[in-house]
Amino acid sequence: METPGSQSSLHRANLERVVRAVRLAGSLTQAEIARSTGLSAATVSNIVRELKDGGTVEVTPTSAGGRRARSVSLSGDAGIVIGVDFGHTHLRVAIGNLAHQVLAEEAEPLDVDASAAQGFDRAEELVERLVAATGVDRTKVAGVGLGVPGPIDVESGTLGSTSILPGWTGTKPAEEMGTRLGVPVHVDNDANLGALGELVWGSGRGVKDLAYIKVASGVGAGLVIDGKIYRGPGGTAGEIGHITLDESGPVCRCGNRGCLETFTAARYVLPLLESSHGTGLTMESVVRLARDGDPGCRRVIADVGRHIGSGVANLCNLLNPSRVVLGGDLAEAGELVLGPIRESVGRYAIPSAARQLSVLPGALGGRAEVLGALALALSEMGDSTLLDGSLSVMAPVFT
């Protein structure tokens, strides 16, 4: 038995620190491991050698700063994680290993009016199909990350009121999918997962404080503070869409008037173009037309950008993030929307906060949320499981 403060317990703690650093980053050089864990270079070298001999990590030659180095990543067969993203009109599932490699990914349309049970059925079927197609050992499934387009109560895990999936209000997605798959399931809203995805794989790499803004049927923000998602005590942090811009403005679905969402979300923006462009427009088609030079669509995109910039300025004044990443279809507009965002930030944010801020489009497009779901599963799994080689005790119950 290990006793607190003993050499064996200290060694175990150091093993877990190294494994956690590599697991969250995907791959690190030994020098980077030393910096992130605070361990000496000699200690890291010995631990990496031990983990490599035990099959937990893989070491490959690389270079850093023009010098030869060794890149450390978790073994490709150490385990797998699954990401599930329920979007406004789609279901997307991805399977990845602990070395941050995506092994399989597939998306299919999802009727937003479908019942929660139908949605869970579809997700279960798609997960089973992808697991079978990859041929991975099902006993290696370490966990599932699940994204939903609505607020999740932190304590109960219940999906709050949402007009995007009204038939799902009051459900407990993590509990339901966990029962179906027989593995730990961790749930979060789509904006938070988009932030995680961009933080680990995309435009947020290398920063510890950022806001991921997603504009779709609603407007939300995933907030990263000191490298971690900030959810707030009730899980509703980041509801940037309900910042008031005009107290006499349109009535929002939340019951207030003039929320940012009423000036930027697709349901409010698209009708502005119906008289000149007809019905059937989507935000994707508006962005495409704007990039092709359509003056009406360009004006609407620019106006949306200026309104988003007002909300981002408020975030700058309150949280002073170093980076804002714009996700969703709107990000494809590039400078047509990013320029007006920066313009509003420069006008309304504290100058020192505005100077430190970079505004970038998301690098992952529609994949941000499902990759964030993978990152969520990776971040929530225990390191002792890897060290003990005990993933098999959590074998999923696939039917």
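**Salt bridges, a buried helix and internal spaces**

Glutamate 106 is partly exposed, with a relative accessible area of 29%. This residue makes a good starting point for a tour of the structure, which is a predicted model. Arginine 129 counts as partly exposed too, at 41% relative accessibility. Arginine 129 and glutamate 106 form a salt bridge, in which the closest N and O atoms are 2.8 Å apart. Because arginine 129 belongs to helix H4 (residues 116-134) and glutamate 106 to strand E6 (residues 102-109), the pair ties together parts that are 23 residues apart in sequence. In general, side chains of opposite charge can pair when their charged atoms come close. The structure holds 16 salt bridges, and two more of them are described next.

Lysine 214 takes part in both. With aspartate 190, lysine 214 forms a salt bridge whose closest N and O atoms are 3.4 Å apart. This pair links distant parts of the chain, as lysine 214 sits in strand E9 and aspartate 190 in helix H6, 24 residues apart. Lysine 214 and aspartate 190 are both buried. In the other pair, glutamate 369 forms a salt bridge with lysine 214, and here the closest N and O atoms are 3.5 Å apart. Glutamate 369 lies in helix H14 and lysine 214 in strand E9, so this salt bridge ties together parts that are 155 residues apart in sequence. Glutamate 369, like lysine 214, is buried. Salt bridges with shared partners also join Glu106, Glu108, Arg122 and Arg129 into one network.

Helix H6, the home of aspartate 190, deserves a look of its own. Of the 12 residues of H6, 11 are buried, so the helix is largely enclosed by the rest of the structure. The buried residues include Asp190, Asn192, Glu198 and Leu199. At 1.5 Å a residue, H6 should span 16 Å, and this agrees with the 16 Å that separate its end C-alpha atoms. The N-terminal end of H6 is capped by asparagine 189, which has a side-chain oxygen 3.0 Å from the backbone nitrogen of alanine 191.

The spaces in the structure come next, beginning with the pockets. Rolling a probe the size of a water molecule over the atoms shows where empty space is left. The largest pocket has a volume of about 1,300 Å³. It is lined by 32 residues, of which Ala21, Leu24, Ala25, Leu199 and Gly227 are the closest to its centre. Two or more residues of this lining come from each of helix H1 (7-25), strand E1 (27-29), helix H2 (30-37), helix H6 (190-201), strand E11 (228-230) and helix H14 (368-380). By class, the lining of the largest pocket divides into 13 nonpolar, nine polar and 10 charged residues.

The second largest pocket has a volume of about 1,100 Å³. Its lining consists of 44 residues, and those nearest its centre are His88, Asp190, Lys214, Ala216 and Ser217. Among these residues, Lys214 and Asp190 are already familiar as salt-bridge partners. Strand E5 (90-97), H6, E9, E10 and helix H10 (283-291) each supply at least two residues of the lining of the second largest pocket. E10 gives the largest share, with three residues. The lining of this second largest pocket divides into 14 nonpolar, 20 polar and 10 charged residues.

Cavities complete the picture. The structure holds three cavities of 30 Å³ or more. About 50 Å³ of space lies in the largest cavity, which is lined by Asp209, Leu210, Ala211, Leu223, Val224, Ile225, Leu319, Asn320 and Pro321. Strands E9 (210-215) and E10 (219-225) each supply at least two residues of this lining, and the most, three residues, come from E10. Seven residues of the lining of the largest cavity are nonpolar, one is polar and one is charged. The second largest cavity contains about 40 Å³ of space. Among the residues that line the second largest cavity are Glu198, Tyr212, Leu326, Ala331 and Leu364. Of these, Glu198 is also one of the buried residues of H6. The lining of the second largest cavity divides into four nonpolar, four polar and two charged residues.

Methods
Residues numbered from 1 in each chain as written. Predicted model: local features only at pLDDT ≥ 70, side-chain atom pairs only at ≥ 80, totals over all residues. Heavy atoms only, no water. 1 Å grid on protein atoms, 1.4 Å probe; cavity = no way out; pocket = protein on both sides within 12 Å on 5 of 7 lines; lining within 4 Å. Points joined across faces, edges and corners; volume = space filled by probe spheres on them. Helix = DSSP H or I, 4+ residues; strand = E, 2+ residues; numbered from the N terminus. Nonpolar A, V, L, I, M, F, W, Y, C, P; charged D, E, K, R; others polar. Salt bridge = Lys/Arg side-chain N within 4 Å of Asp/Glu carboxyl O. Buried < 20%, exposed > 50% of the residue type's maximum accessible area, 1.4 Å probe, protein only. Expected span 1.5 Å × (residues − 1). Polar contact = N/O pair within 3.5 Å; in protein donor to acceptor, adjacent residues only side chain to side chain.
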